[in-house]
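Look over the sequence and the fold shown here before reading on. The text then goes through the main features in turn.

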Amino acid sequence: MSTRQEILEFLTAGLTPVECRSCASRVLVRKNSVRHTSVQWTTAPAATCPEFAARVGAGELSARVDGCPKLRDSIELAVAEGRVAVPDG
């Protein structure tokens, strides 16, 4: 496996698609532990998420928006339903 392939595998391994139950934004999620969640957007957040759009529209940088509570709830539901795995430890 080439270095590029190894990097891609490291960055994408274990990512699970999750759709927000409120706005239908789709993200890729990986739980690294019970307390740590990685979220990768598949689109520009402000283009699909009303929470991000409102905050960016008010002048906040998208990269500085901590997250969306409705998306967080959707991720927590996906974990509770077993659709997103949480490693032991």
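What follows covers the sheet, the nonpolar core, the salt bridges and the cysteines of a predicted model.

The sheet is a convenient place to start. It is open and is made of three strands, in the order β1-β2-β3, with antiparallel pairing. Strands β1 (16–19) and β3 (37–41) lie at the edges, and each of them pairs on one side only. From one strand to the next, the twist averages 35 degrees. Strand β2 covers residues 26–31 and runs antiparallel to β3, to which five bridges join it. Within this pairing, valine 29 of β2 has valine 39 in β3 as its bridge partner.

Valine 29 also leads into the interior, as it is one of the 12 residues of the largest nonpolar core. The other members of this core are Val18, Cys20, Val27, Cys49, Phe52, Val65, Cys68, Leu71, Ile75, Ala78 and Val84. Both β2 and helix α4 (69–80) supply at least two residues each. The largest contribution is that of α4, which gives three residues. As a general point, nonpolar side chains in soluble globular proteins tend to be buried together. Leucine 71, a member of the core, can serve as an example of the contacts made there. Leaving aside residues up to four places away in sequence, leucine 71 touches Cys20, Val27 and Trp41. Of these contacts, Cys20 and Val27 are themselves listed in the core.

The charged side chains come next. How many salt bridges does the structure hold? There are four. One of them links the side chains of glutamate 19 and arginine 26, with an N to O distance of 3.9 Å. Glutamate 19 is partly exposed, at 40% relative accessibility. Arginine 26 is likewise partly exposed, and its relative accessible area is 43%.

Another salt bridge lies within a helix. Glutamate 51 and arginine 55 form it, and their closest N and O atoms are 3.7 Å apart. Because the two residues are four apart in helix α3 (residues 50–57), about one helical turn separates glutamate 51 from arginine 55. Both count as partly exposed: glutamate 51 has a relative accessibility of 30%, and arginine 55 has one of 26%. Arginine 55 has a further partner in glutamate 60, where the closest N and O atoms are 3.0 Å apart. Glutamate 60 is partly exposed as well, with a relative accessible area of 29%. Through shared partners, these salt bridges join Glu51, Arg55 and Glu60 into one network.

The cysteines remain. In general terms, a disulfide is a covalent bond between the sulfur atoms of two cysteines. With the cut-off set at sulfur atoms within 2.5 Å, the model has zero disulfides. Cysteine 49 is in none, and the nearest cysteine sulfur to it, that of cysteine 68, is 3.8 Å away. The same holds from the other side: cysteine 68 is in no disulfide, and its nearest cysteine sulfur is that of cysteine 49, 3.8 Å away. Are these two residues buried or exposed? Cysteine 49 counts as buried, at 2% relative accessibility. Cysteine 68 is also buried, with a relative accessible area of 6%. Cys49 and Cys68 both appear in the largest nonpolar core, which brings the account back to the interior described above.

Key. Residues numbered from 1 in each chain as written. Predicted model: local features only at pLDDT ≥ 70, side-chain atom pairs only at ≥ 80, totals over all residues. Heavy atoms only, no water. Pairing = 2+ DSSP bridges. Axes fitted to C-alpha atoms, helices over the stretch in contact; angles between N-to-C directions. Core = buried A, V, L, I, M, F, W, Y, C linked by side-chain atoms within 4.5 Å. Buried < 20%, exposed > 50% of the residue type's maximum accessible area, 1.4 Å probe, protein only. Contact = heavy atoms within 4.5 Å.
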